[in-house]
Each structure stands twice: as C-alpha cells, then as structure tokens.
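Student: Please take a close look at one part of a protein model with me: the place where aromatic rings pair up. Then show me how that part fits into the rest.

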Amino acid sequence: MQRYGLDFWGDDNFFIKDGLVKLNYLSSPSLYNIVSDIRKDGLKGPIILRFPHLVKKQIDKIFSEFSRAFTELDYGGKFSAVYPLKVNQNPNLLNSILEASNSYEYGLEAGSKAELLIAMASLNNNSPLTVNGFKDKELISLGFLSANMGQNITLTIEGINELETIIEMAKEYTVLPKIGLRIRLHSLGVGLWAKSGGINSKFGLSATELITAMELLKKHSLIEKFTMIHFHIGSQITSISPLKKALREVGNIYADLIKMGAINLNTINLGGGLVVEYGQNIKSKVANYSLNEYANDIVFMLQSISKDKKVKEANIMIESGRFVTASHAVLVAPVYELFSHDYQENLLKLKDKNPPLVDELKELYDYIEPSNALEFLHDSLDHLNSLLTLFDLGYIDIYDRSNSEILTHLIIQKAIFLLDDMNSNELLKIENQIQEKYLVNFSIFQSLPDFWGLKQTFPVMPLSKLDKKPTRSASLWDITCDSDGEISFDKKNPLYLHNIDVKKEDYFLGFFLVGAYQEVLGMKHNLFEKPTEVSVYIDDKGYKLKDMIESNSIYTTLNSLGYDVKKLKNKLKNNIKNSNDFKKLNELFKDNSYLRTFINQEEK
Ligand SMILES: *Cc1c(COP(=O)(O)O)cnc(C)c1O
C-alpha cells in the first residue's frame, strides 16, 4: 500500500490503520474524524490542526539529548535553549511552547520590537530571553525595561553602533540587560539561507569589530555584562560539517575573548538550523546527522577547545525553531473537484457503428489485464491522439470524440490500478498525459508560501482510503485564480491520489510539517484569509478541541486593506435595491449565506 513517505517524514507521529491516518499518541484519533468533527457545524474551508503534544515532544527531545551528551562526556557547562518567535508567533502555539518549557531552561528569542513585547509579556523571570537582529534605540530601551522587570534578558548586538546606544543608555540605569556579541564567521553558511553565515554575512561583528567592542565594554565598565557570543549559520542544516567548522572558529574566539578580559563570558549560542525531514519520495533522509550526533559533536568539540585553550567549558544555548514547531501543525484541505470527473462509463454514447479506432479503444478497455496494461495504456494514448487529429480534420464527430476521451481516461485508471510499480520509468514517462487535476480548497500563497517562493515541498497525503490503491497521478490546483497556484505532478516527487466522487464523499488532503514559517509568511493573494485553526488535545479517552480561531471575516480582510467597508456595503445594497427584479434578487440574497453574512457583519 502507498504510505506517502510517512516513514521518512513522519517521525512516528502518525500511523496508518483501517485506511486512515491516525495520531500515534494515547487514544490515537484519526485526522479524518477530527476534521469531520470540526466541520459538522458547516465550516467548509481549509483547517489548521495544531497538536500541542508534538511541540512538547520536540522540546523534550532537545533537552534529553543534550542532557545525555553532557553526562556521557562529563561536560561542565549548562544547557539552555530559546524559541525564535519569527518561526511562528501564533498565540496558541506559543502557549504550548511555554507550557512544555516549564521543566526546562527554555525561553524565547525576539527579533523585533513586536516580538520582544510578546516575550516580555509571556516569560517568567528565570527563562532566558535573547534579542537578535538590528536594534534601534526604542528596541534597546525595551531591553532595559525587561531587565528592570527582573527578566533574564540578553541583547545580542550585531554592530558597534548598537553597543554605543547601550553604553549611552547604561549611564542612566543601575540594572542592565546582559550583552551578547554576534560573531561574523568566515566559515560559510549552508543551504537556502546561507546569507546568515560567511564573511559577507548581513549579520555580526568581524574580528576587528570584536576587538573594538571589547575595548568599549572595558572602557565603560560594562565588561561584566558581556556573557554570550552568538552565531547562526543558516536554517535547515543538512550536513553537520559546516557547523563543526563554525564551532571550531567560535570556540577559539570564545577562548580568546576570555583571555582578553571577558570575565563573565560563559555562554556560546549556536543559533538554530536543526533540520526537518520534509522529503516524501526519497531513498534516504536529507540530513546526514541525527539529534543525537548533533548534541555529541557540539559538546565534544567545545570540550576539546576548552581543554586546549585552558578555559572553562562554556554553557551551550541553541535557538532551533523549525525543528520545534514544523511537525505540530497539519493543514487539512478538502478536494472540491476532479477535473476529469466527467469521464464516466455511464456517459459513453457509443454508436451502432463507431470509427474503427473507437471500437479498438473499447476493446482495449474490455481486455486490459496486468500483463498487457502498460502496452494497452500506450496504445490508447496513441489512438486518442489520432482520433483528435481526425476530429480536427472533420472525419469524426463530437460524439466520437467524447467517446474516445472517456474510454482513454477509463483505460488510464484501470491500467494504473493493474500495474504494480506505479513509479516505473515507463509509466513516469507518460505521466504528463495521464495526470488528473484535483481542485483543492486552499490557497498555496496563504498556506504554503515556501512552496511558491522557495520551491520547498511538503509531504501531502489523503486522510482516508489508505487501504485502497490510489490510481490517479495528481496535480493539485488551489482555488486562487493564479496559475502559480498549482502543485503540478512531478516525476521526481510523484503524488498518486484516489479516484473519488466528491459529490458522494469527503476527500481531505493533509499537508504536513507546515508549523514553521508558513503561517506567518502567508499572503492574502486573491484575498484568501488564514484558515480556521484548532488545537487538538489528545488524551487516553479521545480528544478535546480548543482555542478555535475562525478564519477572518471578509469585513476584516477588506478593512485591513484600507477599504471603507461601510461605504462599500451601502453601495452594494443600493445597487441590489435599484436592480431590475428586486424581489427575485432578494430571494437570492437570502439564499446566499456569504453575501448575507457580509452585508450583516458589523465592524468589531
Ligand atoms: C531564524 C533564526 C533561527 C531559527 O532558525 P531555524 O532554522 O528555524 O532553527 C535562530 N537564530 C537566528 C539568529 C535566526 O535568524
């Protein structure tokens, strides 16, 4: 049976049973049932499901692996971590993170004033709070405020001018935030986000600037506040060797800065980048390391540099975000329509005397079996081509043409059903001609922006029928009217779906691992709003749905674009009133819940 690569990307979070995808946790509810449950009150659009237990699982994993590595290597430092808010600032997710972090030294990383305000309002005083990114005076003064509220905050400076602002402000306060220095590495970053590292990186202090910073810190008696150095080589690190290279560089900087008089420098913050396995049709995982190795390598390397350079072993902090949140969210979108659904056997209108090629197609359809399936499939595609040419030349009529198209589609479906190896080269070669378009109720721009912008793929699978062989090679079309709103069939990443009649049954697609970056990058292309979202708390008896945030109303959407919605509504109402057949239109108005809701909605 088709498993949609679950063994690669699933991380044991899901399993397939009775044809359904189920959560591998306590009562093991199926995604299909959860979604049907949520939709029973009439909700029609896409839904984001959040699973708090999967957030906790990732945080637990990080802390237990580092704790194990520290013990095994008898490492002297402490371990802590922060969640970078930019990865996904969703309030319900943040609650899960804060809840899961209670038993650890786990805090937040903020990269802007808005994120810092969120962190300042949510964190308790012991949890670490780090601030990266460019900092103006207002942001720095928020940092001072946080320190004076008693929070454990470190401002990581990216440039000397930021340090100068801190020095100015420090003259007026007795309680100061801790200071971190971001290092500009000469080791190159990796992956799509390589700009985060490297000597021409957008971020961090060069060796020369580090010396200047040390001099300034000493001169203004702030050296005691300098506790951390920081770097970040990029997101989605698939190979551990660039990280090791960077660590060697940073470990030596750490030791040198201590020797230069950084008496309280005790922490190395390695940034984020832990990899998430998104691949669905792969032979092996994209990452060449596990979390276990990641922790071992980091601890081992920093320990040996400390030994060589005779400095105290550093506390280790990491800022991985993608790894923590990607798996917790699943986007579920219903299939609206299969484009070729008109090609049904009962629509055939065969004549008493058909063109010979049509009769041949009928025979291929009647006699196709496993041993001849591929050959018959090829023949049928050839016949169809010839028949279409005959039509263009006026030799056959529109009934013959319709019959040819129906028969060819029926043969395609049957052939794929009969063939064992759906990914055979032969089949993949003609896949373009035989694919089915699935119209899916969601917006790629809103919900999978990295698919559109960075060509990143996400695992997709149907939530039901997993005990039946899928027979259609699928391309997915979203309901925006943009031709980029398509996930086309890709030979390297083929997706097969079931042949269903959506008038008779619901068929949902799950897009997995969408919990990092996608939600906040989403765009309102065609004015599609964020999907409705629900947190699903699973227990040993069943599950509870909580924290539902409904999709924004059309009123809010138009309002946020700067429309005078009241005026817009009045004009529309007037136009309806002054139209020809007001009575008839009034009925239509009552029937159309979308229009009715819009007109009746008030500004909140
Ligand atoms: C984006 C970012 C992170 C998080 O990276 P992930 O790949 O999501 O782990 C961590 N630190 C800094 C400085 C970042 O810019």
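Tutor: We start with the whole chain, go to the rings, and then visit some other sites.

Keep in mind that this is a predicted model. The chain has 604 residues, and 53% of them count as buried. Its secondary structure consists of 23 helices and 20 strands. Along its principal axes, the C-alpha trace spans about 100 × 65 × 50 Å.

Three domains are assigned. Domain 1 is made of two stretches, 1-11 and 329-513. Domain 2 is also made of two, 78-289 and 310-319. Domain 3 is a single stretch, 564-600. Between the centres of domain 1 and domain 3, taken over C-alpha atoms, there are 40 Å.

Now the rings. The structure holds 16 aromatic pairs. Take Phe63 and Phe79 as our way in. Their ring centres are 5.2 Å apart, and their planes meet at 75°. Planes over 60 degrees apart count as edge-to-face, so this pair is edge-to-face.

Where do Phe63 and Phe79 sit along the chain? Phe63 is in helix H3, which covers residues 52-73. Phe79 is in strand S4, residues 79-84. The two are 16 residues apart, and the pair links distant parts of the chain.

Are these two residues buried or exposed? A residue is called buried under 20% relative accessible area. Phe63 has 8%, so Phe63 counts as buried. Phe79 has 12%, so Phe79 counts as buried too.

Phe63 has another partner. Its ring also pairs with that of Tyr106. Here the centres are 5.8 Å apart and the planes stand at 85°, so this pair is edge-to-face as well. Phe63 lies in helix H3, while Tyr106 lies in strand S5, residues 106-110. The pair therefore ties together parts that are 43 residues apart in sequence. Tyr106 has 3% relative accessibility, so Tyr106 counts as buried.

Put these pairs together and a cluster appears. Ring pairs link Phe63, Phe66, Phe70, Tyr75, Phe79, Tyr104, Tyr106, Tyr289 and Tyr294. Find Phe63 in helix H3, then step to Phe79 in strand S4 and to Tyr106 in strand S5. That is a good route into the cluster on your screen.

Next, the ligand. Its surroundings consist of 16 residues. The closest are Lys86, Ser235, Gly273, Glu319 and Tyr517. By class, the shell has three nonpolar, nine polar and four charged residues.

Look at individual atoms there. The side chain of Ser235 places an N or O atom 2.4 Å from an oxygen atom of the ligand. The side chain of Glu319 has an N or O atom 2.7 Å from a nitrogen atom of the ligand. Gly321 uses its backbone: an N or O atom there lies 2.9 Å from a ligand oxygen. On its own, the ligand has 390 Å² of accessible area, and the protein covers 93% of that.

A polar contact elsewhere is worth a stop. Asp400 lies in helix H14, residues 398-418. Its side chain and that of Lys351 are joined by a polar contact of 2.9 Å. Asp400 has a relative accessible area of 4%, so Asp400 is buried.

Now some loops. Pro494 is in the loop between strand S16 (486-487) and strand S17 (496-497). Pro494 is buried, with a relative accessible area of 11%. Asp392 is 102 residues away from Pro494 along the chain, and 33 Å separate their C-alpha atoms.

Two other loop residues concern the backbone. Asp12 has a phi near 60°, a positive value in a residue other than glycine. You will find Asp12 in the loop between helix H1 (6-9) and strand S1 (14-17). With a relative accessible area of 63%, Asp12 is exposed. Ser221 has a positive phi too, near 55°. Its loop runs between helix H8 (207-219) and strand S9 (226-230). Ser221 is exposed, at 64% relative accessible area.

Go back to the rings to finish. Phe63 is buried, and Phe63 forms edge-to-face pairs with Phe79 and with Tyr106.

Methods
Residues are numbered from 1 along each chain as its sequence is written. This is a predicted model: local features need pLDDT of at least 70, side-chain atom pairs count only at pLDDT 80 or more; totals for chains, interfaces and linings use all residues. Side-chain values use heavy atoms; hydrogens and water are left out. A residue is near a molecule or strand if one of its heavy atoms lies within 4 Å of it. A polar contact is a pair of N or O atoms within 3.5 Å; within protein, one must be able to donate a hydrogen and the other to accept it, and residues adjacent in sequence count only if both atoms are side-chain atoms. Accessible areas come from the Shrake-Rupley method with a 1.4 Å probe; for residues, only the protein chains shown count as cover. Ala, Val, Leu, Ile, Met, Phe, Trp, Tyr, Cys and Pro count as nonpolar, Asp, Glu, Lys and Arg as charged, and the others, Gly among them, as polar. Domain bounds come from an automatic or database domain assignment. Rings of Phe, Tyr and Trp (its six-membered ring) pair if their centres lie within 6.5 Å; planes under 30 degrees apart count as stacked, over 60 as edge-to-face and the rest as tilted. Helices (H or I, at least four residues) and strands (E, at least two) are DSSP runs, numbered from the N terminus. Buried means under 20% relative accessible area, exposed over 50%, partly exposed in between (1.4 Å probe, protein chains only).
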